[in-house]
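Open your viewer, set it to a cartoon view, and keep the selection box handy. We will walk through the chain one stop at a time.

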Amino acid sequence: MKAFASDNYSGVHPEIMDALNHANTGHTGSYGADEITARTIKKFKALFGDEVEVFFVYNGTGANVLGLTAATQSYNAIICSELAHINVDESTAPEKFSGCKLIGIPTTNGKIYADQVENRIQRLGDQHHPQAKVISISQSTEYSTVYTAEEVKALSAVAKKYNMYLHMDGARISNAAVSLGQDFKTFTKDAGVDVLSFGGTKNGMMFGEAVVFFSTELSKQFAYIRKQGMQLHSKMRFISAQFEALLSNDLWKRNATHANQMAKRLEQALREVPQIKITQVVDGNGVFTIIPKEITEALQQEFYFYVWNDRTYECRLMCSFDTTEKEVDEFAEKAKALCSAL
Ligand SMILES: Cc1ncc(COP(=O)(O)O)c(C=O)c1O
């Protein structure tokens, strides 16, 4: 079955598998006290600057929740899009671990903007009200759209104005970097992000994400927070080795470029089918589309994909590093054939 359901449906990139095999020799220090981890942290520092602090964790929920926990007290509020992964797809882990209230801002394209956020920052200093402390954005967004560095800077300016922090959920940060044609630093650290979840799993790794702190005041207690949050991997070298491979020979870029190109190809092919409507700008590796309800089931018998919104029947089609042109073309042809028979 061909899959457009999620970039998590894909397997592990062979270069990552090789790196895992390579790391699988002999004994070495545990919990990050090993050479591969030291080398990999240097790779992150080469991307973002020597002063950043990097911590590896198992998954994206863990990266987000613990990064947010480091930036907040339990009487704080976190402002995000109402579609944010932290708001709708991490159960209540952000609330449980950080203790904070999440304030979701309505969005039509997955992004939130500086003026909308500023409007929701209220009653600071009032002991009765949740105290807004973090703005959290996803890059790329849950709708596969991408914030420009200027949009991130505008959000950071609001955060600074109110003594808040800016968090970025970068589960798909490589897709965003490729889409913007910019290096990671330009739209994160240089744009005023304080803490970043840097994704690996959706871009060819087996598992593993990194929490990157640009503000060292936030990272000071993070080793304890990670352990308390059950995200400290004893055999750390096996997360580090995957990131080392991902950040070597431009693997992150090759994978994300391919996934984004497949999404563009899919978008173009579907635009030729009059009964199908593309609902979002295709910046990253996902295509959002309204496919006639009558054909969805037949299409789903051959291709995995999710109906993203039960009411509008908007569907999400995700491409990944291993999506082939053939799969894309076959999907578009099948959709076209089914539509023309309506
Ligand atoms: C925007 C976003 N953030 C974070 C995650 C990470 O989730 P997980 O905890 O499943 O690795 C995902 C995965 O679907 C995601 O789409």
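The tour below goes from the domains to two helix pairs and then to a sheet.

**Before you start**

Please keep in mind that this is a predicted model: local features need pLDDT of at least 70, side-chain atom pairs count only at pLDDT 80 or more, and totals for chains, interfaces and linings use all residues. When you type a selection, residues are numbered from 1 along each chain as its sequence is written.

**Stop 1: the two domains**

Select 2-8 together with 251-340 and colour that set as domain 1, then colour 14-246 as domain 2. These bounds come from an automatic or database domain assignment. The C-alpha centres of the two domains are 27 Å apart.

Where do they touch? On one side there are 19 residues of domain 1, in contact with 20 residues of domain 2; two residues are in contact if their C-beta atoms, placed from the backbone, lie within 7 Å. Now select α12 (251-271) and β10 (286-290), each of which supplies at least two residues of the domain 1 side. Helices (H or I, at least four residues) and strands (E, at least two) are DSSP runs, numbered from the N terminus. The largest share, eight residues, belongs to α12. By type, the domain 1 side has eight nonpolar, eight polar and three charged residues. Here Ala, Val, Leu, Ile, Met, Phe, Trp, Tyr, Cys and Pro count as nonpolar, Asp, Glu, Lys and Arg as charged, and the others, Gly among them, as polar.

**Stop 2: α1 and α11**

Move to domain 2 and select 14-23 and 237-246, which are α1 and α11; their axes come within 8 Å and cross at roughly 140°. Axes are lines fitted to C-alpha atoms, for helices over the stretch in contact, and angles run from 0 to 180 degrees between N-to-C directions. The two helices are therefore oblique to each other (angles under 35 degrees count as roughly parallel, over 145 as roughly antiparallel, 65 to 115 as roughly perpendicular and the rest as oblique).

Show side chains for E15, I16, A19, L20, H22 and A23 of α1, which meet R237, F238, A241, Q242, E244, A245 and L246 of α11. This contact comprises eight nonpolar, two polar and three charged residues.

**Stop 3: α13 and α14**

Back in domain 1, select α13 (293-300) and α14 (325-340), which pack at about 140° with axes 10 Å apart. This pair, too, is oblique. Light up I295, A298 and L299 on α13, and K334, A335, L338 and C339 on α14, to see the contact. Six of its residues are nonpolar, none is polar and one is charged.

**Stop 4: the open sheet**

Which strands form the sheet? Four of them do, in the order β9-β10-β13-β12, with antiparallel pairing; two strands pair if DSSP finds at least two bridges between them. At the edges are β9 (277-278) and β12 (306-309), each pairing on one side only. Notice α12 again: this helix packs on the sheet, touching β9, β10 and β13, and its direction makes about 20° with that of β10.

Finish by zooming in on β12 and β13 (314-318), which pair over three bridges. N309 has E314 as its bridge partner, while V307 has C315. Four residues lie between the strands of this hairpin, where Y313 takes a positive phi near 65°.
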